[in-house]
Amino acid sequence: MTKDDLKKIPMIERSIEEKRIRLKEIRELMYYNPALSANERVQTSVTNRSMNRVDAAVDLERMIHEDCLNLIELKCDAYNLIRGIEDPLHRELMELRYINGLTWREIAEKIGKTERRAHQMHGEILLKIFK
């Protein structure tokens, strides 16, 4: 586990969420906005549009699945790294960030520090871990 691996965790979580939102939009287009209405003539472009939506949904589902597998692996490695932190407050901060995926504001509230101080502590912890 490297510092860059830790940084990937929140990025992958955001990426998964963005892909899930896009997948929901595509599904809504597929189910609530059919490519062909009852009084339209069948055309190849309409069929292609429907198939493109299905292809896009399948591709997004595959990417989300791959991202989830990658995220699980990174979180397991992060958890093993975090378990080795002796200071309970430092361990909690790192768990909240990398295992629970909280924002700096949420972390600050949970640990009773300012957002700025939580971020500073995080930097200090990283320096200790990856010296």
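Reader: Which residues of helix 5 are exposed on its other side?
Author: Those are Arg-116 and Leu-127. Exposed means over 50% relative accessible area, buried means under 20%, and partly exposed is in between (1.4 Å probe, protein chains only). A helix here is a DSSP run of H or I with at least four residues, numbered from the N terminus.
One heads-up: this is a predicted model, where local features need pLDDT of at least 70 and side-chain atom pairs count only at pLDDT 80 or more, while totals for chains, interfaces and linings use all residues. Residues are numbered from 1 along each chain as its sequence is written, and side-chain values use heavy atoms, with hydrogens and water left out.

Reader: And which residues of helix 5 are buried?
Author: Ala-118, Met-121, His-122, Ile-125 and Leu-126. Down the helix axis they fall within an arc of 140°, so they line one face of helix 5. That arc is taken from the directions from the axis to the C-beta atoms.

Reader: What do the buried residues of helix 5 pack against?
Author: They pack against helix 1 (3-32), helix 3 (88-99) and helix 4 (104-111). Contact means heavy atoms within 4.5 Å.

Reader: Why is Val-54 called partly exposed?
Author: Its relative accessibility is 32%, so Val-54 sits between the cut-offs and counts as partly exposed. You'll find Val-54 in helix 2 (residues 44-83).

Reader: What makes Glu-13 and Lys-75 a salt bridge?
Author: The rule asks for a side-chain nitrogen of Lys or Arg within 4 Å of a carboxyl oxygen of Asp or Glu. Here the closest N and O atoms are 2.7 Å apart, so the pair passes. Glu-13 lies in helix 1 and Lys-75 in helix 2, so the salt bridge ties together parts that are 62 residues apart in sequence.

Reader: How many salt bridges does this rule give?
Author: The count comes to 8. Another one of them joins Arg-27 and Glu-61, with closest N and O atoms 2.2 Å apart. Arg-27 lies in helix 1 and Glu-61 in helix 2, so this pair ties together parts 34 residues apart in sequence.

Reader: How do you know that Glu-115 and Arg-105 form a salt bridge?
Author: Their closest N and O atoms are 3.9 Å apart, which is within 4 Å, so the pair counts. Glu-115 is in helix 5 and Arg-105 in helix 4, 10 residues apart.

Reader: Why does Arg-105 get the label it has, buried or exposed?
Author: Arg-105 has 54% relative accessibility, so it counts as exposed. Glu-115, at 39%, counts as partly exposed.

Technical notes
Helices (H or I, at least four residues) and strands (E, at least two) are DSSP runs, numbered from the N terminus.
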